[in-house]
Amino acid sequence: SGQLQKAEQHLRRSVRADNRLADAYRVLGLTYMRRGKKKQARRALQRFVRLAPKHPVAGMIRNFIKTLK
């Protein structure tokens with residue numbers, strides 16, 4: 001959808017501006033998943049887990065990553 005594309009563009013700009021924004025990587029990864037971009041989703045979600053391994057949803061995100069292989 002157009003909204004997902006706009007969200008993706010905004011999030012990509014955000015992580016380019018600051019590559020330590022763990023939550024931006026999480027949302028970007030989930031957005032990629034919704035758009036069927038598995039490779040990009042996996043990379044973004046892996047970055048989220050590396051940045052925030054103890055985040056409350058990190059375990060759930062690790063499970064999402066497993067489904068993207």
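## A tour starting from Arg42

Select Arg42 to begin: leaving out residues up to four places away in sequence, Arg42 touches Ile65, Leu68 and Lys69, where contact means heavy atoms within 4.5 Å. The model on your screen is a predicted one, in which local features need pLDDT of at least 70 and side-chain atom pairs count only at pLDDT 80 or more, while totals for chains, interfaces and linings use all residues. Residues are numbered from 1 along each chain as its sequence is written, and side-chain values use heavy atoms, with hydrogens and water left out.

**Around Arg42**

Arg42 is found in helix H3; helices here are DSSP runs (H or I, at least four residues), numbered from the N terminus. With a relative accessible area of 24%, Arg42 is partly exposed, on a scale where buried means under 20% relative accessible area, exposed over 50%, and partly exposed in between (1.4 Å probe, protein chains only). Show the side chain of Arg42 and the backbone of Leu68, and you will find that this side chain reaches the backbone oxygen of Leu68 at 2.8 Å; this is a polar contact, that is, a pair of N or O atoms within 3.5 Å, of which, within protein, one must be able to donate a hydrogen and the other to accept it, and residues adjacent in sequence count only if both atoms are side-chain atoms. Label Lys66 as well, since the C-alpha atoms of Arg42 and Lys66 are separated by 8.6 Å although the two residues are 24 residues apart along the chain.

**Helix H4 and its two sides**

Next select residues 58-67, which form helix H4, and colour its buried residues Ala58, Ile61 and Ile65. Looking down the axis of H4, you will see these buried residues fall within an arc of 55°, so they line one face of the helix; the arc is that of the directions from the helix axis to the C-beta atoms. The buried residues of H4 pack against helix H2 (22-34) and helix H3 (38-51), whereas the face turned away from the buried side carries the exposed residues Lys66 and Thr67.

Phe64 also lies in helix H4, and at 27% relative accessibility it counts as partly exposed. Apart from residues up to four places away in sequence, Phe64 touches Leu30, Met33 and Leu45.

**The nonpolar core**

Which residues of the largest nonpolar core touch the most other members? Among its 17 residues, they are Leu28, Phe48 and Ile61, a nonpolar core being a set of buried Ala, Val, Leu, Ile, Met, Phe, Trp, Tyr and Cys residues joined through side-chain atoms within 4.5 Å. Helix H1 (2-17), H2, H3 and H4 each supply at least two residues of this core. Centre the view on Ile61, which, leaving aside its neighbours within four places in sequence, is in contact with Arg26, Leu30, Leu45, Phe48 and Val49.

**Glu8 and the salt bridges**

Now move to Glu8, whose place is in helix H1. Is Glu8 buried or exposed? Its relative accessible area is 3%, and Glu8 is therefore buried. Not counting residues up to four places away in sequence, Glu8 touches Leu28, Thr31, Tyr32, Arg35 and Lys37. Of these, Thr31 is found in helix H2 and counts as buried at 7% relative accessibility; with the same sequence neighbours left out, Thr31 touches Leu4, Glu8 and Leu11.

Draw the line from Glu8 to Lys37, where a salt bridge brings the closest N and O atoms to 3.0 Å apart; a salt bridge is a side-chain nitrogen of Lys or Arg within 4 Å of a carboxyl oxygen of Asp or Glu. Lys37 lies in the loop between H2 and H3 and Glu8 in helix H1, so the pair ties together parts that are 29 residues apart in sequence. Unlike buried Glu8, Lys37 is partly exposed, with a relative accessible area of 26%. Add Arg12 and Arg35 to the selection, and you have the network of salt bridges that links Glu8, Arg12, Arg35 and Lys37.

A search of the whole structure finds five salt bridges. One of them to select is that between the side chains of Arg20 and Asp18, at 3.0 Å from N to O, in which Arg20 counts as exposed at 62% relative accessibility and Asp18 as partly exposed at 22%. End the tour in helix H2, where Arg26 and Asp23 lie three residues apart, about one turn of the helix, and where their side chains meet in a salt bridge of 3.2 Å, N to O.
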